[in-house]
Amino acid sequence: MTTVTYTVPAISCGHCTHTIETEVGELAGVQSVKAEIDTKKVTITFDAPASEDGIKALLAEINYPVESLISL
Ligand SMILES: [Cu+2]
């Protein structure tokens with residue numbers, strides 16, 4: 001199991017966090033997703049077949065691109 005935290009500057013309201021948590025949460029292998037408005041951070045815990053590349057690609061696709069990786 002891997003937990004990563006990303007900065008996603010496009011997060012601006014509860015709709016954003018809901019969209020991210022729903023969309024990323026549907027990826028196979030993703031165990032949990034927490035998106036925060038105040039800090040604009042997204043914390044994701046996952047296992048294979050999910051991958052960092054796949055998660056970042058999905059976030060970019062739904063218009064919430066990852067700016068940086070905070071912790072791994
Ligand atoms: Cu929003």
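The buried residues of helix α2 sit under a cover that includes β1 (2-7), α1 and β3. Which residues of α2 are buried? In this helix, spanning residues 52-61, they are I55, L58 and L59. They take up an arc of only 100° around the axis, so they lie on the same side of α2. Turn to the face pointing away from that buried side and you find the exposed residues D53 and E61. Just after α2 comes N63, with a positive phi near 70°.

Keep in mind that this is a predicted model. Stepping back to the whole chain, the protein has two helices and four strands. Read from the N terminus, the order of elements is β-α-β-β-α-β. The C-alpha atoms fit a box of roughly 30 × 20 × 20 Å along the principal axes. How does the radius of gyration fit a compact globule? For 72 residues such a globule would come out near 11 Å, and the protein has 11 Å, which agrees. As for burial, 35% of the 72 residues count as buried. Contacts reach a good way along the chain too: of those between residues at least 6 apart in sequence, 61% join residues at least 24 apart.

Now for the metal. What holds the copper ion? C13 and C16 coordinate it, each through SG, at 2.0 to 2.1 Å. Are these two cysteines buried or exposed? C13 is partly exposed, at 32% relative accessible area, while C16 counts as buried, at 5%.

T17 is part of helix α1, which covers residues 14-25. With a relative accessible area of 10%, T17 falls under the 20% cut-off and so is buried. What does T17 touch, once neighbours within four places in sequence are set aside? Its contacts are I11, A35, E36 and I37.

A35 turns up again in the strand pairing. Strand β2 (residues 30-35) and strand β3 (residues 41-46) run antiparallel, joined over five bridges. Within that pair, A35 stands opposite V42 of β3. The hairpin has five residues between its strands, and K40 there takes a positive phi near 55°.

Helix α1 and strand β2 are also linked by charge. How many salt bridges does the structure hold? There is one. Its partners are K34 and E21, with the closest N and O atoms 3.8 Å apart. K34 belongs to strand β2 and E21 to helix α1, so the pair ties together parts that are 13 residues apart in sequence. As a general point, side chains of opposite charge can pair when their charged atoms come close. Neither partner counts as buried: K34 is partly exposed at 49%, and E21 is partly exposed at 26%.

Here are the accessibility values for the residues discussed above.

| Residue | Relative accessible area | Class |
|---|---|---|
| C13 | 32% | partly exposed |
| C16 | 5% | buried |
| T17 | 10% | buried |
| E21 | 26% | partly exposed |
| K34 | 49% | partly exposed |

Conventions:
Residues are numbered from 1 along each chain as its sequence is written. This is a predicted model: local features need pLDDT of at least 70, side-chain atom pairs count only at pLDDT 80 or more; totals for chains, interfaces and linings use all residues. Side-chain values use heavy atoms; hydrogens and water are left out. Two strands pair if DSSP finds at least two bridges between them. Donors are N, O and S atoms within 2.8 Å of the metal (3.2 Å for Na, K and Ca); water is not among the atoms, so sites may look incomplete. Buried means under 20% relative accessible area, exposed over 50%, partly exposed in between (1.4 Å probe, protein chains only). Contact means heavy atoms within 4.5 Å. The arc is that of the directions from the helix axis to the C-beta atoms. A salt bridge is a side-chain nitrogen of Lys or Arg within 4 Å of a carboxyl oxygen of Asp or Glu. The radius of gyration is taken over C-alpha atoms; the globule rule is 2.2 Å times the number of residues to the power 0.38.
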